[in-house]
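Visitor: I should like to take a close look at a single part of this model. Please concentrate on the salt bridges and then set them in their surroundings.

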Amino acid sequence: MRGCLVVAALVVATPALAGPLTTRAPVVDLPAGRLGDAVLALGRQSGTSIVIGDPGLWARRVPAVRGRMSARAALDRLASAAHADVVAAGPIGWRLVARAPRVASVRVRRPKVVPVVAPVAEGADIVVTGSKRDVRLRDFAGQVALLDGVDLALGGAGGTDAILARLASVSSTHLGAGRNKLFIRGIADSSFTGPTQTTVGQYFGDLRLSYNAPDPDLRLYDIASVEVLEGPQGTLYGAGSLGGIIRTVPNAPELGAVSASIAGGLSATWHGDPGADLGATLNMPLGERVALRVVGYGVSEGGYIDNPVRDRRDVNRTRIGGGRAMLRLDAGNGWMVDLGGIGQWTKGDDSQYADRDAPALIRSSAIVQGFSADYTMGQAVVSGAIGGLKVKSSTGIVGQALTERYDATLPEGEARVFTQRNATSMIANETRLWRPMRNGFGWVVGGSFTHNRTRLSRSLGPVDAPAPVTGVTNRIDEATLYGEGSLELMPGLTATAGARVTRASLAGTGEDVAPARLETVALARARVTADRIETSLLPSASLIAAVLPKVSLYGRYQQGFRPGGLAIESDFVRRFENDRVRTLESGVRYGLAGVDSAYLSASVSHTIWQDIQADFIDATGLPSTANIGDGRIWTFSAAGGWKPVVGLTLDAGFTYNDSRVTEPSAALFVALARMSQVPNIARYAGRLGADYRRDIGRDLELRVYGWARYVGRSRLGVGPVLGEEQGDYLDTALTVRVGRPSLGVTLGVTNLTDSVGNRFALGTPFQVGSGQITPQRPRTLRIGLDAAF
């Protein structure tokens with residue numbers, strides 16, 4: 001099941017498990033992949049009740065099952081492939097339980113099967129785990145995208161780019177891995193990584209990945225699913241979720257089972273250097289109640305930008321290495337303890353931008369503009385149940401550092417370098433108690449505390465001896481209480497309301513403040529600090545109605561906010577204030593992806609954005625942050641899919657954004673009067689995808705997956721200096737896999753047309769306006785091999 005939760009699949013009761021009613025068995029068409037996905041398809045096709053209570057069993061790989069047979073015969077095949085047993089669950093239902101491994105040295109207790117989602121009378125249930133209280137997708141009032149981890153890793157596990165490729169509503173800057181900012185639904189603040197908090201909340205499981213640091217761009221190895229919730233999520237997620245959240249759900253350690261997998265590939269890039277990738281996963285029980293799951297990977301992406309000034313070719317190779325480990329303890333009585341860690345280290349030899357007016361993939365720069373992005377996280381999660389209520393407490397410690405070099409050479413001048421280091425540390429805890437929806441009522445209450453410290457240090461000058469320039473340190477302690485509840489007013493009509501109270505204590509200090517021209521001003525600002533307390537209340541409400549068996553209509557109101565802080569302008573440090581969004585949204589949903597042969601979801605939203613935090617270029621040519629005024633955003637978003645024939649699935653997505661800075665601040669009025677569009681968001685974006693699967697005999701499956709994604713024009717930033725156009729490009733990919741769940745070979749091609757495009761109109765802020773582009777990676781061919789044991 002998407003969301004990697006326990007699911008019960010039930011359609012209307014039929015005697016299908018007992019055998020066909022006619023002399024000819026029905027046709028069964030079950031895809032290769034995860035057992036849970038195959039069970040969902042079987043339940044839908046045959047009208048049977050099948051329950052899986054173990055998330056680890058749900059994720060086990062099974063081959064495709066196709067042909068004429070009874071549902072019970074198909075279920076037996078799936079169970080055999082997944083090393084599971086079929087157990088009766090009532091007169092017309094069945095459940096699958098994992099077999100104890102046949103390893104003499106390991107005693108394994110058969111896991112308990114406790115369905116946490118009650119069977120329903122029609123269709124299979126998909127649970128939105130990002131709702132924090134196990135809300136079924138059919139009952140969730142909002143736009144949700146649920147991406148399968150296996151699909152994301154097809155043709156090589158990428159990072160955030162794999163998510164962007166499958167969604168039209170998510171966009172990004174393109175400075176390089178570990179340096180980018182993400183945006184959802186037209187809510188974008190700026191192109192640079194500065195003191196402002198992100199507009200998209202990123203989570204790994206239940207823990208926030210970062211607070212005001214760039215996207216760490218973790219590689220998506222051994223991932224169960226990714227959930228994307230569009231629109232503000234202030235009630236449940238608080239600050240930094242103005243545009244929405246992206247929640248990555250890893251595969252959990254599996255008790256009582258030994259398994260391993262490995263995947264690797266070699267790639268060749270047109271006009272560039274070759275690359276390679278390798279990743280491996282090991283799941284191992286450490287006794288009856290403990291299991292360890294370890295993931296490790298390394299990626300080398302070949303460069304493709306040439307720099308004739310330094311007589312270097314393919315200068316922008318990027319290397320990524322990392323891994324994670326999770327130890328799970330079954331503490332008994334339904335309680336689990338998970339202890340884990342994540343680490344990823346990224347190094348870019350040089351920047352990936354090019355000169356707009358030069359031949360393709362050429363940049364003339366005087367210095368090397370490399371970067372490094374390091375990310376580490378330690379986490380502890382305790383979960384269980386108290387009576388009919390569920391409890392989860394998650395604690396994380398995060399360290400993130402981004403070091404960047406920019407070419408600051410002046411025309412006809414000596415080579416200069418600008419170096420910036422953004423070092424972030426965060427400690428966060430969230431504890432919540434919830435009652436899943438039962439008998440028409442469900443709720444969640446919780447509290448969280450976050451401590452975040454970010455130090456931005458900078459230097460500028462000759463390459464061999466740059467001097468420190470003004471920097472800044474921002475600190476925040478954020479304590480919150482929140483709650484949300486749902487009530488079924490009548491059959492098919494559910495109302496939800498909630499609120500979040502946040503108390504944020506902010507402090508900031510200027511670092512390396514330079515002397516000003518006027519000594520008195522310099523003395524007044526040399527010890528810049530900003531201590532203050534902000535309290536915010538974020539209410540929410542929604543209403544969803546099931547007007548037809550597969551059709552739901554909903555309306556929702558949400559708010560989001562970001563706290564203020566300190567920013568650098570020229571040689572001084574100054575304060576910027578918090579900003580807030582209010583969004584009113586209405587939508588419709590028909591069917592469910594992965595369950596129904598056709599599905600569609602669409603929404604229209606209107607957002608009011610007050611005191612927008614955004615970046616601009618100051619008098620010294622460096623990016624700074626300010627409140628640029630108030631704005632509004634209209635967004636239309638739609639996604640759908642269709643299965644016209646057995647084995648073929650077509651999907652599409654489209655988003656339209658109309659954004660304006662309606663009331664610019666007095667300081668930036670002249671600039672914004674000429675350029676009022678919110679930066680980095682294309683007015684139009686869309687994608688098409690096709691996924692074809694076919695059994696070719698001997699338990700082999702052919703899978704062909706292709707997609708095309710168009711990103712329309714947008715602006716780099718606000719004001720005439722940052723008014724460079726970007727976007728208006730088409731990205732494409734095609735991947736073919738032949739094999740079994742346990743062994744497969746893939747052949748993939750990205751950027752089929754070998755187009756250049758312009759994903760992002762910035763490489764160095766010191767040459768803004770001189771014609772910079774960030775081209776697409778040229779056509780790249782990858783041959784890969786994956787195996788599971």
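Guide: What follows describes the salt bridges, and afterwards the nonpolar cores and two buried threonines.

The model is a predicted one. Its chain has eight helices and 47 strands, and 58% of its 789 residues count as buried. Among contacts with a separation of 6 or more, 67% are between residues 24 or more positions apart. The accessible surface amounts to about 30300 Å², and carbon and sulfur atoms hold 60% of this area.

Side chains of opposite charge can pair when their charged atoms come close. In this chain the count of salt bridges is 41. One of them joins R693 to D151, with 3.8 Å between the closest N and O atoms. Because R693 belongs to strand β40 (residues 684-697) and D151 to helix α4 (residues 149-153), this pair ties together parts that are 542 residues apart in sequence. Both R693 and D151 are buried.

A further salt bridge is formed by R247 and D206, whose closest N and O atoms are 3.6 Å apart. Here R247 sits in strand β17 (residues 244-250) and D206 in the loop between β14 and β15 (207-208), so the pair ties together parts that are 41 residues apart in sequence. R247 counts as buried because its relative accessibility is 7%. D206 is likewise buried, as its relative accessible area is 16%. R247 and D206 also belong to a network of salt bridges that links them with K132, K392, E430 and R432.

R363 and D350 supply another salt bridge, with an N to O distance of 2.9 Å. This pair links distant parts of the chain, 13 residues apart: R363 is in the loop between β23 (354-355) and β24, and D350 is in the loop between β22 (335-348) and β23. Both R363 and D350 are buried.

The nonpolar surroundings can be taken next. The largest nonpolar core has 32 residues, of which I163, L167, V170, V226, V228, I246 and M377 touch the most other members. At least two residues of this core come from each of β11 (144-148), α5 (160-164), β13, β14, β16 (223-230), β24 (371-386) and β29 (493-511). Beyond the residues up to four places away in sequence, V228 touches Q143, V144, A145, I163, L167, V170, I184, I245 and I246. There is also a second, separate core of 26 residues, which includes A38, A74, L75 and W94.

Two threonines complete the account. T199 is placed in the loop between β13 (182-184) and β14 (200-204). With a relative accessibility of 1%, T199 counts as buried. When neighbours within four places in sequence are left aside, T199 is in contact with L182, F183, I187, D189, G240, S241, L242, G243, G244 and R562.

T480, by contrast in setting, is found in strand β28 (residues 467-490). T480 is buried because its relative accessible area, 5%, falls under 20%. The T480 side chain makes polar contacts with the side chain of S448 at 2.5 Å and with the side chain of R500 at 3.1 Å. Residues up to four places away in sequence not being counted, T480 touches G446, G447, S448, R500, V501 and T502.

How values were computed:
Residues numbered from 1 in each chain as written. Predicted model: local features only at pLDDT ≥ 70, side-chain atom pairs only at ≥ 80, totals over all residues. Heavy atoms only, no water. Helix = DSSP H or I, 4+ residues; strand = E, 2+ residues; numbered from the N terminus. Buried < 20%, exposed > 50% of the residue type's maximum accessible area, 1.4 Å probe, protein only. Contact = heavy atoms within 4.5 Å. Core = buried A, V, L, I, M, F, W, Y, C linked by side-chain atoms within 4.5 Å. Polar contact = N/O pair within 3.5 Å; in protein donor to acceptor, adjacent residues only side chain to side chain. Areas by Shrake-Rupley, 256 points an atom, 1.4 Å probe, with all protein chains shown as cover. Salt bridge = Lys/Arg side-chain N within 4 Å of Asp/Glu carboxyl O.
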